[in-house]
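Here are my notes for anyone opening this one for the first time. Have a look at the picture, then go through the points below.

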Amino acid sequence: PSGCGGSERTDQANPEEDLVGYIKSLHEGWSDEVHYVLDNTPRESVEQRDLYDRAPELLRSWADGNVVLMGDAVHPMMPNLGQGGCQAIEDAYVLTEMLANTKTTGSIEKTLQEFYKKRILRVSIVQFLSRLASDLIINAFDTPWSPHDDKGKSWKSYLTFFWKPVLQYFIFPAQFAYLYSYHPTGSMGKLPAQLQEQWKSRHAIDSEKAFDEVQKAGQKSAGPSFFQAANAK
């Protein structure tokens, strides 16, 4: 459960509980393939794993003396944006950089407090975005309404349908622009474009080789490779 609502399910008090049956009850009305997979999943292989986050530490420092917390130890967040590990890496980078510029051991305590002040705003925003995404998915959205089936008929389904273009063209671009534009040493300049070219040149040969092997084996590919499609634009 999220720290701000979310699933109301209590802890798994009975280890013998049929969790597969519980999961199936959450997927009523879904395609037969989903239930086929669940029916063939050994019950003993399924365990409950709860998710927890916490409110940002806006009024209490992460540091105490010469000790500081970072990553999930102090700012755990919902996994919906994939930012838990990312923020821990950012913490480590910034902390390393600040400690490298600390010239005396007597200044470490001050450096750790400055580290907290430097990171708290960005981390708090990411925590908020992750929690918001989690709570919207759990509490507000549902299978979108579609004229092609009868699965999405609740008010949440209609809400999800009408929100899709807003999320796709406004919310998500702004959200990910904030997440991915951050660079602790300043503007990245031409670095992203350089890395993109390196990645393309490194993987293009292997990709085309894989497509050639598929064709030689007599299989038909569903479409051109990523690199062929990109070059055609």
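1. Which residue lies over the face of Y178? Keep in mind that this is a predicted model. The answer is R122, found 5.1 Å from the centre of the Y178 ring. R122 turns up again further down, among the helix 4 residues that touch helix 3.

2. On to the aromatic rings. Searching the whole structure turns up 7 aromatic pairs. One of them joins F161 and F162 edge-to-face, with 5.1 Å from centre to centre and 80° between the planes. The label fits because planes over 60 degrees apart count as edge-to-face.

3. How do those two partners sit with respect to the surface? F161 is partly exposed, at a relative accessible area of 28%, while F162 counts as exposed, at 58%. The cut-off for exposed is over 50%, so F162 passes it.

4. Another pair to look at is F172 with F176, which is tilted: the planes make 55° and the centres are 6.4 Å apart. Both residues belong to helix 5 (residues 155–180), and they are 4 residues apart, about one turn of the helix. F172 is partly exposed at 38%, and F176 is also partly exposed, at 29%.

5. Don't stop at single pairs, though. W145, Y158, F161 and F162 are linked by ring pairs into a cluster, so it's worth putting these four on screen together.

6. Now for the helices. Helix 3 (residues 84–100) packs against helix 4 at an angle of about 155°, and their axes are 10 Å apart. Angles over 145 degrees count as roughly antiparallel, which is why that word applies to helix 3 and helix 4. The crossing of helix 3 past helix 4 is right-handed.

7. Which residues make that contact? From helix 3 they are Q87, E90, D91, V94, L95, E97, M98 and L99. Helix 4 brings in T111, L112, E114, F115, K118, R119, R122, V123 and V126.

8. Last, a small stop at S124, which is placed in helix 4 (residues 108–140). Is S124 buried or exposed? It counts as buried, because its relative accessibility is 11% and the cut-off for buried is under 20%. Leaving aside residues up to four places away in sequence, S124 touches P56 and L58.

Methods
Residues numbered from 1 in each chain as written. Predicted model: local features only at pLDDT ≥ 70, side-chain atom pairs only at ≥ 80, totals over all residues. Heavy atoms only, no water. Phe/Tyr/Trp six-rings, centres within 6.5 Å; stacked < 30°, edge-to-face > 60°. Buried < 20%, exposed > 50% of the residue type's maximum accessible area, 1.4 Å probe, protein only. Helix = DSSP H or I, 4+ residues; strand = E, 2+ residues; numbered from the N terminus. Lys NZ or Arg CZ within 6 Å of the ring centre and 35° of its normal. Contact = heavy atoms within 4.5 Å. Axes fitted to C-alpha atoms, helices over the stretch in contact; angles between N-to-C directions. Parallel < 35°, antiparallel > 145°, perpendicular 65-115°, else oblique. Left-handed = near helix turned anticlockwise from the far one by under 90°.
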